[in-house]
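Please read the following points with the sequence and the 3D structure open beside you. They are written for someone new to protein structures, and each point takes up one topic.

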Amino acid sequence: QVQLVESGGGLVQPGGSLRLSCTASGSIIVINGMGWYRQAPGKQRELVARITSGRSTNYLDSVKGRFTISRDNAKNTVYLQMNSLQPEDTAVYYCNADGVRNGFISFDSWGQGTQVTVSS
């Protein structure tokens, strides 16, 4: 089993910043892609940002220039730096990772989610 634990959510005023972290643990051989998704009330879950093992990135159009995804492979951790936050960024943010674990079994795991609320 591979577990993902997120941290860093909270309440912030418009224009503020937050940094999310997500660490993977378990019998991991290699992590390929890591990413952040979000789901607002009444809406479908959407991809916010994703980073490959080679550090190629892609972003949701509405967050380009404001959010930055990065990873520390030695720590099996992915980060999401969120700047210039707006009320429309309010959502539960979920971490996702895929790769290979012991026994050469593929995994695609999700974190439990962390709430981000942008409000004055």
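1. Before the surface is discussed, one term is needed: a patch is made of residues with over 30% relative accessible area and no salt bridge, and nonpolar side chains are joined into a patch when they lie within 5 Å. Please also keep in mind throughout that this is a predicted model.

2. On the surface, a nonpolar patch is formed by Ile29, Val30 and Phe104, and together these residues have about 310 Å² of accessible area. Val30 has its place in strand β4, which covers residues 28–39. Because its relative accessibility is 36%, and the class between buried and exposed runs from 20% to 50%, Val30 counts as partly exposed.

3. How are the four strands of the open sheet ordered? The order is β1-β3-β8-β7, and the pairing is antiparallel. The strands β1 (2–7) and β7 (67–72) stand at the edges and have a single partner strand each, so one side of each is left without a neighbour in the sheet. From one strand to the next, the twist averages 15 degrees.

4. The pairing can be followed residue by residue, beginning with β1 and β3, which pair in the antiparallel sense over six bridges. In this pair, Val5 has Thr23 of β3 as its bridge partner. As background for looking at such strands, the side chains in a regular strand alternate between the two faces of the sheet.

5. Strand β3 (residues 18–26) is also joined to strand β8 (residues 77–82), again by six bridges, and these two strands run antiparallel. Two positions show how they are matched: Leu18 has Met82 in β8 as its bridge partner, while Arg19 stands opposite Gln81 in β8.

6. Which two cysteines form a disulfide, and how far apart are their sulfur atoms? The cysteines are Cys22 and Cys95, with their sulfur atoms 2.1 Å apart, and the structure holds one disulfide. The pair links distant parts of the chain, since Cys22 lies in strand β3 and Cys95 in strand β9 (residues 91–101), with their positions 73 residues apart in the numbering. A disulfide is a covalent bond between the sulfur atoms of two cysteines.

7. Two further details of this disulfide deserve attention when you inspect the model. The torsion about the S-S bond of Cys22 and Cys95 is about -85 degrees, and the disulfide is therefore left-handed. Are these cysteines buried or exposed? Both Cys22 and Cys95 are buried.

Technical notes. Residues numbered from 1 in each chain as written. Predicted model: local features only at pLDDT ≥ 70, side-chain atom pairs only at ≥ 80, totals over all residues. Heavy atoms only, no water. Pairing = 2+ DSSP bridges. Axes fitted to C-alpha atoms, helices over the stretch in contact; angles between N-to-C directions. Disulfide = S-S within 2.5 Å. Buried < 20%, exposed > 50% of the residue type's maximum accessible area, 1.4 Å probe, protein only. Patch = residues over 30% accessible without salt bridge, like charges linked within 9 Å, V, L, I, M, F, W, Y side chains within 5 Å. Areas by Shrake-Rupley, 256 points an atom, 1.4 Å probe, with all protein chains shown as cover. Salt bridge = Lys/Arg side-chain N within 4 Å of Asp/Glu carboxyl O.
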